[in-house]
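Let's take a walk through this fold together, going from a strand pairing outward to the helices. Please keep the viewer open as you read.

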Amino acid sequence: VDGLSFVNTGKETSRYKPSDEQKAIWGWMKDNINSSGEVVVCAFSNAIAGELKERLTFGVATTIHSLGCRIMRENKIRIGRPDTWKTTNLYQEFCQVKNMKELSQAQRAILDDTKELVKICKDNVLTEDDITENRVACLAMDNEYTFASSASACTEAIRYVLTEGSKLPTQGSVKRTAFSKAEPVKGIAIDFDDMIYLPARYGWKIKADCIIVDEAQDLSAGK
């Protein structure tokens, strides 16, 4: 973050020396993007994004998750607050039970696998049409995940969660499962993974002259 003062002023700091690549990026931006151009800087965390907002003299600072939410809103998708129970609730629908107490021990093991593998599927922008027993087994192996149940046991549950969890309001009635005591809102229920998965799955775009990504070497297919 110390190097951001270079971005602000074009001058090096005593604590952090920008690389030749960073200088080249800054030079290109100055030469090719006018003052009204849209620049999006994707930070690694909310803390860094917050400091970027204070110190940058151009563009928009955000995290990739926040950028995903912005893309959904710009594509007229109304979203609620993140629902950390979304996959669990969809799995209960799949099992046709009303609460966790009704799940057997075997079903709970499948739920554990489903939650982890749905995250992996979303990270790789896979849809329900991509999900087979063999694909699930390969995803687990590639990510060094050990099943609590088995690939065959959780494949249909994963397919159900990806199908029902990705429906947009125009594709049917989408329930908001988070904050059940609050007044329901018309829109789509999302979890944190959906902030990246849904824009990637549906190919929603954002207009920008330049996008700069912090820690880009760690990006997944979805990001």
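**From the sheet to the helices**

In this predicted model, a good place to begin is Val40, which stands opposite Ile211 in S3. Two residues further into the strand, Cys42 has Val213 of S3 as its bridge partner. Both pairs belong to the link between strand S1 (residues 39–43) and S3, which run parallel and are joined by 4 bridges.

Now look at the other neighbour of S1. Here Val41 stands opposite Ala61 in S2, and the pairing of S1 with S2 is again parallel, over 4 bridges. Put together, these strands form an open sheet of 3 strands in the order S2-S1-S3, with parallel pairing. Strand S2 (60–63) and strand S3 (210–213) are the edge strands, each pairing on one side only. On average, neighbouring strands of this sheet are turned by 25 degrees against each other, direction ignored. Helix H4 (residues 64–74) packs on the sheet and touches S1, S2 and S3; its direction makes about 105 degrees with that of S2.

How many of the residues of S1 are buried? The count is 5 of the 5, so S1 is largely enclosed by the rest of the structure. Its two faces are both covered: Val39, Val41 and Ala43 are buried on one side, and Val40 and Cys42 are buried on the other.

For a contrasting environment, turn to the loop between helix H9 (194–202) and S3, where Lys207 is found. Lys207 counts as exposed because its relative accessibility is 77%, and the cut-off for exposed is over 50%. Lys207 and Ile71 are 136 residues apart along the chain, yet their C-alpha atoms are separated by 9.4 Å.

Next come the helix pairs. Two packed helices are described by the angle between their axes and the distance between the axes. For helix H5 (residues 86–95) and helix H8 (residues 151–165), the axes come within 9 Å and cross at roughly 115 degrees. H5 is therefore roughly perpendicular to H8, and the crossing is right-handed. On the H5 side, the contact is made by Lys86, Thr87, Leu90, Tyr91, Glu93 and Phe94, while H8 brings in Glu156, Ala157, Tyr160, Val161, Glu164 and Gly165. Sorted by class, this contact of H5 with H8 has 6 nonpolar, 2 polar and 4 charged residues.

H5 deserves a second look. Of its 10 residues, 8 are buried, so H5 is largely enclosed by the rest of the structure. The buried ones are Lys86, Thr87, Thr88, Asn89, Leu90, Tyr91, Gln92 and Cys95. What covers them includes helix H6 (105–123), H8 and H9. Just after H5 comes Gln96, whose phi is positive, near 60 degrees.

H6 also has a partner of its own to inspect. The axes of H6 and helix H7 (residues 133–142) come within 10 Å and cross at roughly 90 degrees, which means that H6 is roughly perpendicular to H7. At this contact, Leu117, Ile120 and Cys121 in H6 meet Val136, Leu139 and Ala140 in H7. What classes of residue make up the contact of H6 with H7? There are 6 nonpolar, no polar and no charged residues in it, whereas the contact of H5 with H8 includes 4 charged residues.

Technical notes:
Residues are numbered from 1 along each chain as its sequence is written. This is a predicted model: local features need pLDDT of at least 70, side-chain atom pairs count only at pLDDT 80 or more; totals for chains, interfaces and linings use all residues. Side-chain values use heavy atoms; hydrogens and water are left out. Two strands pair if DSSP finds at least two bridges between them. Axes are lines fitted to C-alpha atoms, for helices over the stretch in contact, and angles run from 0 to 180 degrees between N-to-C directions. Contact means heavy atoms within 4.5 Å. Angles under 35 degrees count as roughly parallel, over 145 as roughly antiparallel, 65 to 115 as roughly perpendicular and the rest as oblique. A crossing is left-handed if the near helix is turned anticlockwise from the far one by less than a right angle, and right-handed if clockwise. Ala, Val, Leu, Ile, Met, Phe, Trp, Tyr, Cys and Pro count as nonpolar, Asp, Glu, Lys and Arg as charged, and the others, Gly among them, as polar. Buried means under 20% relative accessible area, exposed over 50%, partly exposed in between (1.4 Å probe, protein chains only).
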